[in-house]
Amino acid sequence: MTMAPVPLRLFPFTVTTATYLLYWIPKYRNSPNDHESYHSVIAKCLPILCLCGFIISYTRNHSVKNYPQFILAGLIFSCFGDAFLVYGHTGKIYFLLGLLSFAIGHMMYTIAFGFNHLKLSVLLFCAPVGIITYIYLLPGLHGELYFFCALYTLLICVMNWGAISRVSLTDIKWPELCGSLGALVFYVSDLVLSINKFLYPVPHGYYIIMSTYYLAQLGISLSVVPTLSTKKLY
């Protein structure tokens, strides 16, 4: 049986993402009763659930054992994180649970990317970026957030270290490039979220956060596509 092409498999993700960004956010974002509801949880999580289905469709045909399974696990924990953050304004516990869920998700992605190709040059890029980010956020942190935000920053930096290290400048392939770009965009999304929550309102912040978030998860998900592994960027 001929397998469906990548764009067709991504059609549900495209539709649900567009619906959330273009319909749900404008209509319900400024309405607390509607925004903090199970309807909002479903609308926010549907694109990630569609990516889960996308990953599952490739689990039997992947050349690297357990790679898609760990990416799938990362998506599932991200979905829990999305659900908890919907209620983040109602209590700190929901925000911390969301933070924990995404932290576990990043660990799943890190395991998938592996530790065999880690590069010192990439670490020398990721480590200063993480340190500068944490120092920049310090004025807005308090209590246990000092520890949790430091831990989360460490985990997402390690995830980026693993993702970017997979890219070979002499042999650039699409799966590794998609995964690394997804990890980088994930960092941007979380940075905007943190600034918006702890320091000051970012203009159109929620749109920026969610659009970059879905783009990041898409990039990481595309790294499992086996047919892309035979295609070089140049």
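His204 is exposed in this predicted model, where its relative accessible area comes to 64%. The residue sits in the loop that runs between α9 (174-199) and α10 (205-222), and His204 has a positive phi of about 55° although it is not a glycine. As background to that value, most residues other than glycine have a negative phi. The protein around this loop contains 10 helices and 0 strands, and buried residues account for 49% of its 234 residues.

**Overall fold**

- Followed along the sequence, the elements of the protein give the pattern α-α-α-α-α-α-α-α-α-α, which fits the count of 10 helices and 0 strands.

**The pairing of α5 and α6**

- Two packed helices are described by the angle between their axes and the distance between the axes.
- For helix α5 (residues 67-86) and helix α6 (residues 92-113), the axes come within 8 Å and cross at roughly 170°.
- Because angles over 145 degrees count as roughly antiparallel, that crossing makes α5 roughly antiparallel to α6.
- Sorted by class, the residues in the contact of α5 with α6 are 19 nonpolar, 6 polar and 1 charged.
- Ile76 is one of the residues of helix α5, and with a relative accessibility of 37% Ile76 counts as partly exposed.
- Ile76 and Cys45 are separated by 31 residues in sequence, while their C-alpha atoms are 9.7 Å apart in space.

**Salt bridges**

- How many salt bridges does a search of the whole structure find? The search finds 2 of them, and each is described below.
- One salt bridge is formed by Glu144 and Lys92, whose closest N and O atoms are 3.3 Å apart.
- Glu144 belongs to the loop between α7 (120-137) and α8 (145-165) whereas Lys92 belongs to helix α6, so this pair ties together parts that are 52 residues apart in sequence.
- Both partners count as partly exposed, Glu144 at 32% relative accessibility and Lys92 with a relative accessible area of 41%.
- Another salt bridge joins Lys173 to Asp171, and here the closest N and O atoms are 3.9 Å apart.
- Lys173 is partly exposed, with a relative accessible area of 26%, and Asp171 also counts as partly exposed, at 31% relative accessibility.

**A buried acidic residue in α9**

- Asp190 is placed in helix α9, and this residue is buried yet has no salt bridge.
- Which side chain of opposite charge is nearest to Asp190? That side chain is Lys44, and it lies 9.7 Å away; because a salt bridge requires a side-chain nitrogen of Lys or Arg within 4 Å of a carboxyl oxygen, Lys44 does not form one with Asp190.
- What the side chain of Asp190 does make is a polar contact, at 2.4 Å, with the side chain of Tyr152.

**A buried residue in α7**

- Leu137 lies in helix α7, and its relative accessible area of 4% places Leu137 among the buried residues.
- Since buried means under 20% relative accessible area, the value of 4% for Leu137 meets that cut-off.
- Leu137 and Ala150 are 13 residues apart in sequence, and the distance between them in space, taken from C-alpha to C-alpha, is 9.9 Å.

Methods:
Residues are numbered from 1 along each chain as its sequence is written. This is a predicted model: local features need pLDDT of at least 70, side-chain atom pairs count only at pLDDT 80 or more; totals for chains, interfaces and linings use all residues. Side-chain values use heavy atoms; hydrogens and water are left out. Axes are lines fitted to C-alpha atoms, for helices over the stretch in contact, and angles run from 0 to 180 degrees between N-to-C directions. Helices (H or I, at least four residues) and strands (E, at least two) are DSSP runs, numbered from the N terminus. Angles under 35 degrees count as roughly parallel, over 145 as roughly antiparallel, 65 to 115 as roughly perpendicular and the rest as oblique. Ala, Val, Leu, Ile, Met, Phe, Trp, Tyr, Cys and Pro count as nonpolar, Asp, Glu, Lys and Arg as charged, and the others, Gly among them, as polar. Buried means under 20% relative accessible area, exposed over 50%, partly exposed in between (1.4 Å probe, protein chains only). Lys and Arg count as positive and Asp and Glu as negative; His and the chain ends are not counted. A polar contact is a pair of N or O atoms within 3.5 Å; within protein, one must be able to donate a hydrogen and the other to accept it, and residues adjacent in sequence count only if both atoms are side-chain atoms.
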